[in-house]
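Visitor: I would like a close look at a single part of this chain, followed outward into whatever surrounds it. Please take your time and keep the account connected.

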Amino acid sequence: MPTSLSASGSTHGRSPIADAGPQSLCAREPRVPAERLVAEMVPPPRFDSVRFDTYVPDPTQPSQAEAVSTLSGFAAGLGGAHASGSGKRRWFSRAPKAAAPAAPRGVYLDGGYGVGKTHLLASLWHATPAEPALKAFGTFVELTNLVGALGFQQTVETLGGHRLLCIDEFELDDPGDTVLVSSLLSRLVERGVALAATSNTLPGKLGEGRFAAVDFLREIQGLSAHFRPLRIDGQDYRHRGLPEAPAPFSDEQVTKAAYATGGASLDDFPGLLDHLAKVHPSRYGALTEGVSAVCLTDVVPVPDQSTALRLVVLADRLYDREIPVLASGVPFDRLFSDDMLNGGYRKKYFRAISRLTALARDAKPLVSQ
């Protein structure tokens with residue numbers, strides 16, 4: 001079912017001439033039906049064609065080649081009948097419980113931003129010998145939103161017949177998410193679902209620096225028990241041997257490029273930040289549907305942490321969909337304050353800077369020389 005996009009009726013954050021040319025993200029209010037949330041739990045477009053043999057390990061980082069070998073073996077081990085005794089997908093029927101496995105039935109890819117964790121996670125999804133309907137791939141925020149849309153028990157029934165659940169960008173930002181995800185994954189493991197996740201934080205360290213993790217230690221340790229940690233070392237591949245990201249352009253250059261690029265959007269950055277607060281982060285992918293390039297004027301440092309975290313999610317969805325970002329104002333490495341870059345969410349912010357930098361480089365050809 002297609003996404004419903006309605007006009008907001010507001011011109012806040014829009015170019016005064018946007019109606020005559022580029023579209024505006026600020027004019028979009030996507031509605032995503034629950035059934036689409038499930039159907040779209042597949043690797044995003046950027047990772048449609050990735051495989052283990054397209055991952056290029058850094059020869060100076062042996063953990064990268066080891067990760068490919070380990071994950072290949074993990075995928076091969078997921079063949080055969082589902083642990084519940086059926087190879088058919090269960091959407092709304094109850095699957096019989098299977099005895100919980102004694103050893104962790106999951107892998108947890110831990111490493112810095114840009115070492116290829118999502119590439120490896122998507123490769124695992126592709127390599128697992130099961131039809132796509134028996135495998136699910138989504139970000140942490142998409143998984144929690146699925147629970148919100150379907151309800152906890154229905155989510156268990158929907159995903160309980162799967163062979164594999166892949167969770168990208170696994171981050172616990174509040175106690176409610178901790179308890180919710182711990183309970184959900186425990187129920188899925190009982191039904192024989194294998195788990196795989198990526199994060200910049202080891203499972204036992206989830207939540208540190210963001211909320212009183214010690215108060216939820218039991219739940220965090222319970223999550224950790226489901227996974228075998230797999231460390232992946234290395235530097236950000238997006239910047240290996242590549243030139244620095246282009247400096248921001250002028251408002252005039254960005255606007256001109258937006259009008260010259262079919263399917264581009266044009267918004268002023270502060271207005272877009274305000275609009276993101278009105279759209280659930282799980283809908284940010286739908287927000288950018290059909291957009292060929294995002295053009296932003298007047299980029300300024302984000303004013304607070306809540307706004308910054310929403311921007312991180314948008315950066316992830318733009319990166320997943322390979323949408324170039326052309327901007328004027330401050331460079332992307334000045335979006336977040338020193339306090340933010342030194343705080344509990346620092347790894348998220350560095351990932352966003354890395355991804356936006358790559359997308360800014362992709363957008364450079366849009367400006368006529």
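**The three-stranded sheet and its surroundings**

Guide: Strands β9 and β10 run parallel and are paired over four bridges, and this pairing is a good place to begin in what is a predicted model. Within it, Leu296 has Ala327 of β10 as its bridge partner. On its other side, β9, which spans residues 293–299, is joined to β8 by five bridges, again in the parallel sense, and there Ser265 stands opposite Val294 of β9. Taken together, these strands form an open sheet of three strands in the order β8-β9-β10, with parallel pairing. Because β8 (264–268) and β10 (325–329) each have a single partner strand, they stand at the edges, and one side of each is left without a neighbour in the sheet. Ignoring direction, neighbouring strands of this sheet are turned against each other by 15° on average.

As for how much of the central strand is covered, six of the seven residues of β9 are buried. One helix that lies across this part of the sheet is α9 (residues 269–276), which spans β8 and β9 and runs at about 110° to β9.

A loop residue also comes up against this region. Pro248 sits in the loop between β7 and α8, the latter covering residues 251–260, and, leaving aside residues up to four places away in sequence, it touches Ala327, Ser328, Gly329, Val330 and Pro331. Ala327, in this list of contacts, is also the bridge partner of Leu296. The C-alpha atom of Pro248 is separated by 9.0 Å from that of Val299, although the two residues are 51 apart along the chain. Pro248 has a relative accessible area of 29%, and it therefore counts as partly exposed, the limit for a buried residue being under 20%.

The strand that precedes this loop leads to a second sheet. This is an open sheet of five strands, ordered β4-β5-β6-β3-β7 and paired in parallel. Its edges are β4 (135–139) and β7 (228–231), and since each has a single partner strand, one side of each is left without a neighbour in the sheet. From one strand to the next the twist averages 15°. At the β4 edge, five bridges pair that strand in the parallel sense with β5, residues 164–168, and Cys166 of β5 is the bridge partner of Phe137. Helix α4 packs on the sheet here, touching both β4 and β5, with its direction at about 110° to that of β4. In this helix, which covers residues 140–150, the buried residues are Phe140, Leu143, Thr144, Asn145, Leu146 and Val147, and just after its end Gly151 takes a positive phi of about 95°.

The five-stranded sheet is also met by helix α3 (residues 117–127), which is mostly covered, with nine of its 11 residues buried. Those residues are Lys117, Thr118, His119, Leu120, Leu121, Ala122, Ser123, Leu124 and Trp125. They pack against strands β3 (106–110), β4, β5 and β6 (194–199), and also against the helices α2 (62–76) and α13.

Helix α13 then leads to one more packing arrangement. The axes of α11 (residues 305–320) and α13 (residues 346–363) come within 9 Å and cross at roughly 45°, which makes α11 oblique to α13. The crossing in which α11 passes α13 is left-handed. On the α11 side the residues that meet the partner helix are Gln305, Ala308, Leu309, Val312, Ala315, Asp316, Leu318, Tyr319 and Asp320, and on the α13 side they are Lys348, Tyr349, Arg351, Ala352, Arg355, Leu356, Ala358 and Leu359. Sorted by class, this contact has 11 nonpolar, one polar and five charged residues.

To set these parts within the whole, the chain has 13 helices and 10 strands, and 53% of its 369 residues are buried. Of the contacts in the chain with a separation of 6 or more, 87% are between residues 24 or more positions apart.

Definitions and conventions: Residues are numbered from 1 along each chain as its sequence is written. This is a predicted model: local features need pLDDT of at least 70, side-chain atom pairs count only at pLDDT 80 or more; totals for chains, interfaces and linings use all residues. Side-chain values use heavy atoms; hydrogens and water are left out. Buried means under 20% relative accessible area, exposed over 50%, partly exposed in between (1.4 Å probe, protein chains only). Helices (H or I, at least four residues) and strands (E, at least two) are DSSP runs, numbered from the N terminus. Two strands pair if DSSP finds at least two bridges between them. Axes are lines fitted to C-alpha atoms, for helices over the stretch in contact, and angles run from 0 to 180 degrees between N-to-C directions. Contact means heavy atoms within 4.5 Å. Angles under 35 degrees count as roughly parallel, over 145 as roughly antiparallel, 65 to 115 as roughly perpendicular and the rest as oblique. A crossing is left-handed if the near helix is turned anticlockwise from the far one by less than a right angle, and right-handed if clockwise. Ala, Val, Leu, Ile, Met, Phe, Trp, Tyr, Cys and Pro count as nonpolar, Asp, Glu, Lys and Arg as charged, and the others, Gly among them, as polar.
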